[in-house]
Amino acid sequence: MAFMIITGLLVGALLGFVLQRGRWCLTGGFRDMYIAKDNRMFYALLIAIVIQSVIVYALIAAGIVEYAAGTFSLIAIIGGGFVFGIGIILAGGCATGTWYRAGEGLIGSWAALAFYMLTAAVMKTGVLSGFTASASSVTVVNNSMADTLHVNVWVLIALLVVIVAAILVKYSRRPKVFIPQLKPKKSGLAHILFEKRWHPFTTAVLVGLIAALAWPVSEATGRMFGLGVTVPSANVIQYLITGDQQFVNWGMFLVLGIFIGSFIAAKGSGEFRWRVPNAKTMVTSSTGGILMGVGASLAGGCSIGNGLVMTAMMTWQGWIGLLFMILGVWTASYFVFVRPTKRKVA
């Protein structure tokens with residue numbers, strides 16, 4: 001139990017610190033792909049995916065980590081991913097984004113997080129668990145891309161490495177944009193950790209390494225998976241309500257660690273402050289949290305579980321879930337940002 005608590009909180013705190021200082025926000029990244037035609041955050045996600053994929057499959061080959069892709073429901077993934085994408089726009093952040101922004105003192109994120117956790121618990125073991133099980137039993141197919149395509153998984157990993165390398169080479173040839181930096185108030189390590197702007201790609205490398213680290217540490221406690229947010233978030237509520245020890249696991253301490261790490265980063269960088277939104281924003285954030293809980297439960301994962309981890313494991317669930325998550329973000333972005341702007345212009 002001590003190992004579970006310490007390592008869960010430690011890995012979570014590392015992740016929360018990196019997310020906060022790197023401003024890692026997949027919601028904003030997916031939205032910017034559509035509105036601003038800026039793909040940097042998506043490229044950063046691919047970097048984190050490929051780093052995790054190479055390391056974890058090397059650990060699997062060495063017999064250190066165990067993993068089985070299993071099966072997935074195509075209908076649940078499509079519908080859940082799309083709903084989750086809409087939800088994170090309304091909530092103002094994805095699953096991890098909501099956790100780390102709550103650590104910055106954003107009350108709107110607290111509301112979104114509360115409804116996300118509660119709804120996920122209801123969908124997993126509450127009154128809607130039957131609906132979740134029913135939806136997840138429709139159109140169940142093999143989840144392994146390598147098995148479906150009859151190739152070795154390293155072929156797919158190599159292909160992803162080549163694609164990411166080509167993207168980075170092309171990106172490096174773009175004209176450099178000068179961004180003025182304020183005169184540093186801190187020096188040395190303190191400047192790097194709490195003041196210097198972190199490049200999205202640097203943050204992506206760190207996220208990929210932490211995601212890979214999560215696998216052997218989590219499996220050492222009996223939890224056979226890497227990073228995850230939705231189920232652990234639901235577990236927090238389930239344990240607090242029932243007191244059942246079955247909900248206490250490494251993932252639960254991981255998400256609590258994300259909050260702690262973000263708080264430390266925000267306090268150290270001077271970015272922590274309590275921010276209370278207006279009533280309309282609170283309602284919108286809460287609604288987004290509900291949709292996040294519904295969508296992630298149906299899809300079997302959130303922007304981390306599917307978008308970062310299951311993609312790295314070369315599963316259909318991960319890549320299809322990521323695609324429809326992005327489509328959900330773009331759909332919501334049109335109605336929340338683009339359409340109102342067009343009306344004002346008209």
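Start by selecting Thr139, which sits in the loop between α7 (129-135) and β2 (140-142). The helices (H or I, at least four residues) and strands (E, at least two) named on this tour are DSSP runs, numbered from the N terminus. Thr139 is not a glycine, yet its phi is positive, near 50°. Thr139 has a relative accessible area of 37%, so it counts as partly exposed. Buried means under 20% relative accessible area, exposed over 50%, and partly exposed in between (1.4 Å probe, protein chains only).

Two notes before moving on. This is a predicted model, in which local features need pLDDT of at least 70 and side-chain atom pairs count only at pLDDT 80 or more, while totals for chains, interfaces and linings use all residues. Residues are numbered from 1 along each chain as its sequence is written, and side-chain values use heavy atoms, with hydrogens and water left out.

**Arg23 and helix α1**

Next, select residues 2-22, which form helix α1. The end C-alpha atoms of α1 are 30 Å apart, which agrees with the 30 Å that its 21 residues should span at 1.5 Å a residue. The expected span is 1.5 Å times one less than the number of residues. Just after α1 comes Arg23, in the loop between α1 and α2. Arg23 has a positive phi of about 50° although it is not a glycine. Its relative accessibility is 36%, so Arg23 is partly exposed.

**Trp24 and the core**

Now select Trp24. Which residues does Trp24 contact, leaving aside its neighbours within four places in sequence? They are Leu19, Met41, Ala44, Leu45, Ala48, Tyr100, Pro200, Thr203, Ala204 and Val207. Contact here means heavy atoms within 4.5 Å.

Add Phe30, Leu227 and Leu308 to the selection: with Trp24, they touch the most other members of the largest nonpolar core, which has 86 residues. Helix α3 (residues 40-61) gives the largest share of this core, 13 residues. A nonpolar core is a set of buried Ala, Val, Leu, Ile, Met, Phe, Trp, Tyr and Cys residues joined through side-chain atoms within 4.5 Å.

**Ala204 and helix α11**

Go to Ala204, in helix α11. Is Ala204 buried or exposed? Its relative accessible area is 0%, so Ala204 is buried. Outside its neighbours within four places in sequence, Ala204 is in contact with Trp24, Ala44, Ile47 and Ala48. Ala204 and Met41 are 163 residues apart along the chain, but 8.8 Å separates their C-alpha atoms.

Widen the selection to residues 200-219 for the whole of α11, which reaches 29 Å from its first C-alpha to its last, close to the expected 28 Å. Because 14 of its 20 residues are buried, α11 is largely enclosed by the rest of the structure.

**Helix α16**

Select residues 316-345, the 30 residues of α16. This helix reaches 41 Å between its first and last C-alpha, close to the 44 Å expected. Centre the view on Tyr334, where α16 bends by about 45°; the bend is the angle between axes fitted to the seven residues ending there and the seven starting there. Buried residues of α16 include Gln317, Gly318, Ile320, Met325 and Val338. Among the elements that cover the buried residues are α2 (26-35), α3, β1 (71-73) and α4 (74-91).
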